[in-house]
Structure formats: C-alpha cells, structure tokens
Amino acid sequence: MSGKRIIAICQAGGVFETDKDGMMTYRGGDAHAIDVDDEMGFSEFKLEVAEMFNCNINSISIKYFLPRNRKIPITISNDKDLKRMIKFHDDGATVDIYVMMMEEMFAHDVSNMPTTTSRSSRTTLSEAVIPIDAPFDVMEDTDPLDDPFAASLDIMDDAANADAHINIAAEVAPAFALAGSSDEKQLKAAHRWQNNITGVGQRFNSVNEFRESLRKYAIAHQFAFKYKKNDSHRVTVKCKAEGCPWRIHASRLSTTQLICIKKMNPMHTCEGDVVASGYQATRTWVASIIKDKLKVFPNYKPKDIVNDIKEEYGIQLNYFQAWRGKEIAKEQLQGSYKEAYSQLPIFCEKIMESNPGSLATFTTKEDCSFHRLFVSFYASLYGFQQGCRPLLFLDSIALKSKYEGTLLAATAADGDDAVFPVAFAVVDAQTDDNWRWFLLQLKSALLSSSAMTIVADRGKGLKESISEIFENSYHGYCLRHLTEELIRDLKGQFSHEVKRLVVDDFYAAAYAPRIDGFQRCLNSIKSISRDAYNWVLQSNPDNWANAFFRGTRYNHLTSNFGEIFYSWVSDANELPITQMVDVIRGKIMELIYARRTESNQSLRRLTPSMEEKLEKESLKVHSFQVLVPKGGTFEVCGDTPDIVDIDHWECSCKVWQLTGIPCCHALAVIGCICRSPYDYCSRYFTIESYRLTYSESIHPVQNIDRLLQDDSSQGTITVIPPPTRRPPGRPTKKRYGQQEVVKRQLQCSTCKGIGHNKSTCKEASA
C-alpha cells in the first residue's frame with residue numbers, strides 16, 4: 001500500500017439521520033476536501049481538519065463509515081486508525097469524513113435524555129470482566145399478583161391487548177458518563193441502542209431477538225443484569241444491583257411465536273454500586289458488532305477487537321472473548337464448517353458436472369466422518385498430459401481449519417518452469433495410507449501408463465506406493481527433505497559453519513552432472529566428517545544425484561516446487577472445506593486464463609525462461625573449436641574436450657540431457673552444421689506446448705446453498721466432520737520454499753568446544 005493516496009471529503013455542521021434499516025445519512029453542513037496518504041500522521045491530519053473548519057483541535061472527533069456499511073461510524077483517534085481507514089478504502093479514490101464538535105455531541109445527546117432521575121455517571125462498563133459463559137440463575141415463574149415487584153411494574157396480562165404499545169422511553173434513565181472524550185465516544189457509539197426496549201407491549205420475532213435487544217439496551221444504558229427465568233418461551237430479567245427495582249418480563253404470545261414484553265419497571269435506583277462489565281457482551285454480540293468490519297478486513301486481530309470495542313462501547317473484553325466472537329462472525333460470513341462437510345456429495349457431483357472430464361471424489365469412515373477428498377480438474381489433467389514434461393512433484397501442507405487436516409498436492413512444471421497445479425486432496429492426516437489413496441486417484445485421473453519422474457520425500461510408505469502404482473516411473477528423492485534428515489542425524493556433532501560446508505558439498509554432489517564431479521564433492525564431505533560421508537553413501541544416491549539418476553528431472557531436485565500453490569492454500573485453509581476447494585479452483589482458473597492470454601501474444605519459438613537459458617549458453621560458444629566429425633559425432637575442444645552426438649541429442653558434459661536445452665558444446669556443433677538451435681530443444685519448451693498446457697478452461701461451480709434447496713437427492717450420503725479438532729493456541733506456520741535448515745550452535749572461543757561459550761568453559765576456569 002506504499003504511496004497510496006485518497007481524497008478525504010470532510011463534512012461538518014450537519015446531522016445524522018437514521019432510516020428504518022438502521023442506515024445513517026448525513027444532512028447539511030459544509031464540506032472541504034484534502035489529500036490523505038499513508039505517510040500522514042493522525043496529529044497532522046487532525047490539525048489540518050481543525051484549521052479547515054476554524055475550530056479547536058481538542059474539541060473535534062473524526063469519524064467515517066466502512067465500505068458498504070453505513071450503520072456504524074468508526075472513530076479515528078490515532079495513527080493506526082488513520083492507516084486502517086486508508087487500507088479499508090484502498091479500492092476507492094475518496095472517503096467521506098465526518099467532523100463532530102464535542103459541544104454538538106454533548107448537546108445532541110443531552111437533548112434526548114429524560115429529565116427524570118438518572119443513575120450516577122460513575123458506573124462504567126469497563127471496570128471488571130464477568131465471564132460471558134456464566135450459568136444463568138433460573139427460578140420458577142411467579143404469578144403477577146404474588147410478585148413483590150408487581151406494584152411498581154407496568155403489567156400486560158392479556159395478549160389480545162398487545163397492540164396497545166406503550167412508549168416509556170422518557171421514563172428510562174440512561175446512565176452515560178458525559179465527562180471526558182472517551183466517554184463521549186462510547187455514548188455516541190451506543191446511543192442508537194437506547195430505545196431498543198420501549199416498554200410493555202413491544203414485540204419481537206423470537207426470544208433470541210429479545211435477548212439481543214435487551215443486551216444492547218443494557219450496554220447503551222450502562223447497567224448489568226441477570227436472568228431470573230430464561231427459556232424458549234419466557235425471559236425474566238432484573239438489574240444486577242442489589243435492591244434496584246429495574247425489572248422486565250417477556251413471554252410468548254399464545255398461538256404465536258412472537259415474544260412480547262408483559263411487565264417492566266424502567267426505573268433504576270442503583271448509584272453505581274454495582275460494577276458493570278462485559279457481562280452482556282456475549283460472543284454472539286461481539287460477532288454482530290465486528291462482522292461488517294471483518295468482511296472488509298479479514299485479518300482483524302482479536303487484540304484490535306478488544307481495543308476497538310473498549311474505545312467504541314466502553315466494554316473491556318479479554319482476548320478469548322474477542323477470539324470467540326471473531327470465530328462466530330467468520331462462521332456467519334463463511335458458512336458453517338459442519339454444513340460444508342454435509343455438502344460434499346453434491347459439491348463433488350457439481351464439480352464434475354460443470355467441468356466434464358474432471359475427477360472429484362471423497363470417502364468417509366465407518367461412522368460417516370470425513371476421511372478424504374480428491375479433486376483434479378480436466379483443464380489441469382489435459383494441460384499436464386499435452387504440454388508439460390512427464391514430471392510431478394508431491395508435497396503436503398498442514399491445514400489450520402477448525403478440524404485441521406492436511407492438503408496433499410501434485411504439481412508440474414510448465415514450459416516456462418512455472419508451477420502448474422495438477423491435483424490436490426484434503427485428508428484427515430498425512431499417513432502412508434492416505435498418500436497411497438491419493439496416488440491411486442491420480443493414476444486413475446491421468447489415464448496414462450507412460451513413464452514419468454516423481455519428485456517426493458523418501459518416506460517408506462510413499463516410496464513403496466510410487467513404485468507399485470506408477471510402475472514405469474522413477475522416484476527422485478526431494479533434496480530439501482534429505483538435507484533436513486542429514487542435519488538432524490548429525491545434530492550436536494559439528495558447529496554451524498561446519499554443517500554449512502557439509503550441506504553445500506551435499507547440494508554440489510546432487511547437482512553434479514558427471515560421476516567425477518560427484519566423487520569430488522563426496523571426498524570433500526569425507527574430509528570434513530566420516531559420519532556425514534557414510535550417511536551420504538547410504539542414502540541411495542541413485543535416487544537423488546544427477547550423475548546416477550536414471551529418470552529425467554530437468555534439474556529439478558526438490559518437491560517444494562509449487563510455492564505459489566501453497567500460498568493459495570495458506571490464504572484459504574481456514575475456510576470451510578467446500579469454500580477452500582472453491583477458492584483454490586478460482587485461483588487455478590485465474591492462473592490458466594492469465595497465462596493463456598500471455599502466451600497468445602508471444603511471438604517467440606520458446607518460452608521466455610528457456611530463451612534466456614539458450615542465450616546464456618550461446619555466449620560461451622565463441623571460444624570452442626569443432627573438429628571434423630565421424631558420422632554424427634563431433635569433438636568440441638575448449639578447456640576440456642567434449643563429445644557431442646548430434647543425432648541422439650547427447651553431450652559428454654551431460655548438461656543437454658539434464659536440461660533439455662542444448663549446451664554450449666552442442667550449440668557450437670549446431671552452428672557448424674548450419675542448423676537452428678530451436679530444432680534441438682525439448683518440445684516441452686516451445687510456445688506451442690505452452691499454449692496447449694493452458695488451452696482448456698476451468699468453469700465455476702454453482703452456488704451450493706441454492707443447489708441444496710433445489711436438489712431432492714441431497715441426504716443420500718451423510719458426511720460429518722472428522723473427530724480431530726484444532727488444539728487451543730495459535731497454530732504454527734510452516735514456511736515453504738528454500739529453508740535455512742542449519743541452526744547456529746555455540747562454540748567456545750577459548751577451547752573451541754561445542755555447546756558452550758567462554759563464560760561457561762570449564763577449561764578456562766581451571
């Protein structure tokens with residue numbers, strides 16, 4: 001967002017009007033415009049606004065609305081708030097700013113207050129925290145005539161008189177503290193809830209709606225309450241202060257589902273002796289407050305929720321109340337995790353219906369709990385088989401969703417050496433059995449028995465499954481996983497610097513194209529550590545070293561090739577399973593469309609990265625001498641003599657065979673025989689193959705919720721969430737890509753020993 005600039009249209013002197021839907025409109029006043037960027041501080045911004053309207057900088061409050069939400073004005077009070085405002089309006093060129101004068105806010109709110117006795121302003125909602133999950137105090141219902149509170153209550157016994165609505169807002173005593181800018185902010189934020197409860201005769205569609213209105217009413221009037229009765233058809237509540245007569249009773253109207261207030265005593269006699277708190281701020285209430293903001297700002301953190309609700313409403317939440325509220329709001333916005341699993345049967349069906357030739361299938365356990373889901377789109381399958389090298393990379397990523405799980409992925413390399421997603425699966429855990437199932441589904445989707453190379457970890461289960469399911473294929477061990485094993489097995493033996501040298505030599509040995517180069521690297525490791533040398537020899541170099549590997553990896557030695565794919569998953573893995581899959585589908589769809597468009601505009605014969613590699617090799621040709629050939633074999637003299645077999649596309653340096661691009665020696669021969677180097681490049685690197693890779697499209701899947709309403713077959717297969725649940729606490733983040741696997745160890749500068757420093761060295765103290 002660096003350099004982002006928007007125009008702030010500042011308005012002052014008008015009034016807010018609220019319509020029936022709760023939407024707020026600003027009427028009247030003056031307006032001015034100023035530029036705001038992400039380098040501007042709040043103090044500078046507020047000073048400029050104050051000078052613009054010729055007012056005291058300490059007498060104004062600045063507010064704005066979130067995009068698509070004109071119900072809750074948001075206060076700007078520091079640099080962080082200002083930057084958030086710019087972030088929220090990143091897609092727009094302007095933002096409306098409302099400048100509120102403190103005296104106007106005071107006069108406006110006081111004019112709406114009754115002249116009857118009010119509770120003390122000493123009562124605040126942030127003085128203590130009462131657990132929001134505390135059990136309700138429930139007792140048996142009482143007859144109104146026997147109720148000791150009945151003498152002071154407005155009573156409505158006849159449901160038929162429910163239309164006789166009595167407005168008692170003037171008798172209700174709000175308890176806002178009007179001294180101090182913080183209290184004024186809280187007053188303004190909760191002001192719209194003052195009349196949520198109007199008195200006897202008021203009706204609500206459900207008991208939950210009544211409870212929510214009562215909770216907001218209590219927050220607006222700053223008092224705490226407790227339930228005396230609380231069930232599905234009646235609710236009785238009294239003020240939490242001992243001896244305070246405020247009380248309300250609502251129950252269901254006969255023959256209807258409506259809840260009606262039958263009795264209410266609106267008067268408070270408590271004088272702040274009860275400590276009010278976030279008791280009314282339940283998880284559901286927190287969710288309702290933050291939902292609109294969470295929609296705009298998905299990374300809204302619990303600590304920011306705590307600060308914002310404290311500032312706007314004066315309620316002090318703890319971290320877990322905010323976290324639980326955020327989880328509920330996410331579920332309301334994204335849908336239920338549980339419902340998503342139940343939608344899997346029709347979801348898979350619609351994927352294959354909207355994308356013919358695709359494969360989407362799932363399995364459940366005996367108790368109908370989710371086990372595995374496999375998805376591969378026809379566009380990916382066709383693109384891989386028609387345009388990509390016969391080379392697959394297998395890897396996994398742990399999911400952070402409510403029910404955890406693991407995503408298994410198969411990716412390929414397109415002609416430009418960019419990632420091409422082929423298939424993925426969501427499984428309950430990363431096990432040998434799940435990997436085997438994934439490979440079986442992948443094999444059935446590909447419908448091909450041709451030889452290919454698969455780069456993956458060398459775990460026992462995966463190793464056996466690859467050799468069994470893909471019989472004619474080659475298993476290349478992932479060099480990153482091997483390096484992690486090497487460091488782990490040598491733990492504690494060497495210093496950080498020594499381990500780094502071993503790892504460097506190990507990588508050099510893996511990439512060495514010829515046996516002599518491999519042996520030199522191995523001897524270097526042997527000179528450092530005999531244990532490391534023996535480990536390398538026992539790690540099956542035939543499966544990872546270029547000098548011995550019989551398959552074709554095109555110099556790709558690690559399985560974490562699809563970093564962009566895993567970044568997609570990281571953005572979506574907290575979503576319900578169907579939405580996560582659909583987000584991945586959308587990302588693949590966008591990728592295919594963008595690369596197809598780009599390739600259609602290309603006038604080259606090879607993809608850009610391969611053109612660049614060919615050009616780099618051609619710069620080395622000028623110093624070579626090509627001797628007269630015998631048949632199709634040429635000798636190229638440079639620093640060392642190399643033999644080029646032009647008919648079989650081979651060179652003794654092995655670079656041509658490893659990469660699919662003619663090496664410098666081959667280019668010298670090709671120039672000598674007056675041929676085009678493009679004729680000797682692998683077909684997978686041509687722009688034609690690249691276009692074939694992205695020639696098919698992925699189509700959207702219809703709205704699942706709408707399909708469930710129309711599809712009468714839903715319910716034939718039951719899928720429930722897996723038994724695993726995400727443990728409490730913040731999940732760890734796994735970083736993909738090239739990782740630093742060597743950790744620094746302590747080394748004593750006195751005795752050169754490992755595991756301590758000179759201050760704890762025993763030899764030095766001796």
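Is Cys-388 buried or exposed? I looked that up before anything else, and Cys-388 turned out to be buried, at a relative accessible area of 3%.

**Confidence.** I'm reading a predicted model here, so I checked pLDDT next. The mean over the protein is 79, and 80% of the residues get to 70 or more. I then went hunting for weak stretches. Residues 103-182 stay under 50 in pLDDT, though the model still gives them 177 contacts beyond four places in sequence. Residues 272-276 are also below 50, with 16 contacts beyond near neighbours in sequence. Note to self: where pLDDT is low, the predicted coordinates shouldn't be read in detail.

**Cysteines.** How many disulfides does the structure hold? I found zero. A disulfide would be a covalent bond between the sulfur atoms of two cysteines, so I picked a cysteine and looked for a partner. For Cys-674, the closest cysteine sulfur belongs to Cys-672, and at 7.4 Å that is too far for a bond. I checked exposure as well: Cys-674 is exposed, with a relative accessible area of 69%, while Cys-388 is buried at 3%.

**A sheet.** Last, I traced an open sheet of four strands, in the order S21-S22-S23-S24, with antiparallel pairing. Which strands sit at the edges? They are S21 (625-626) and S24 (650-651), each of which pairs on one side only. I followed S21 to its neighbour S22, residues 633-637: two bridges join these antiparallel strands. Another cysteine shows up here, as Gln-625 has Cys-637 of S22 for its bridge partner.

Notes:
Residues numbered from 1 in each chain as written. Predicted model: local features only at pLDDT ≥ 70, side-chain atom pairs only at ≥ 80, totals over all residues. Heavy atoms only, no water. Pairing = 2+ DSSP bridges. Disulfide = S-S within 2.5 Å. Buried < 20%, exposed > 50% of the residue type's maximum accessible area, 1.4 Å probe, protein only. pLDDT = per-residue confidence, 0-100. Contact = heavy atoms within 4.5 Å.
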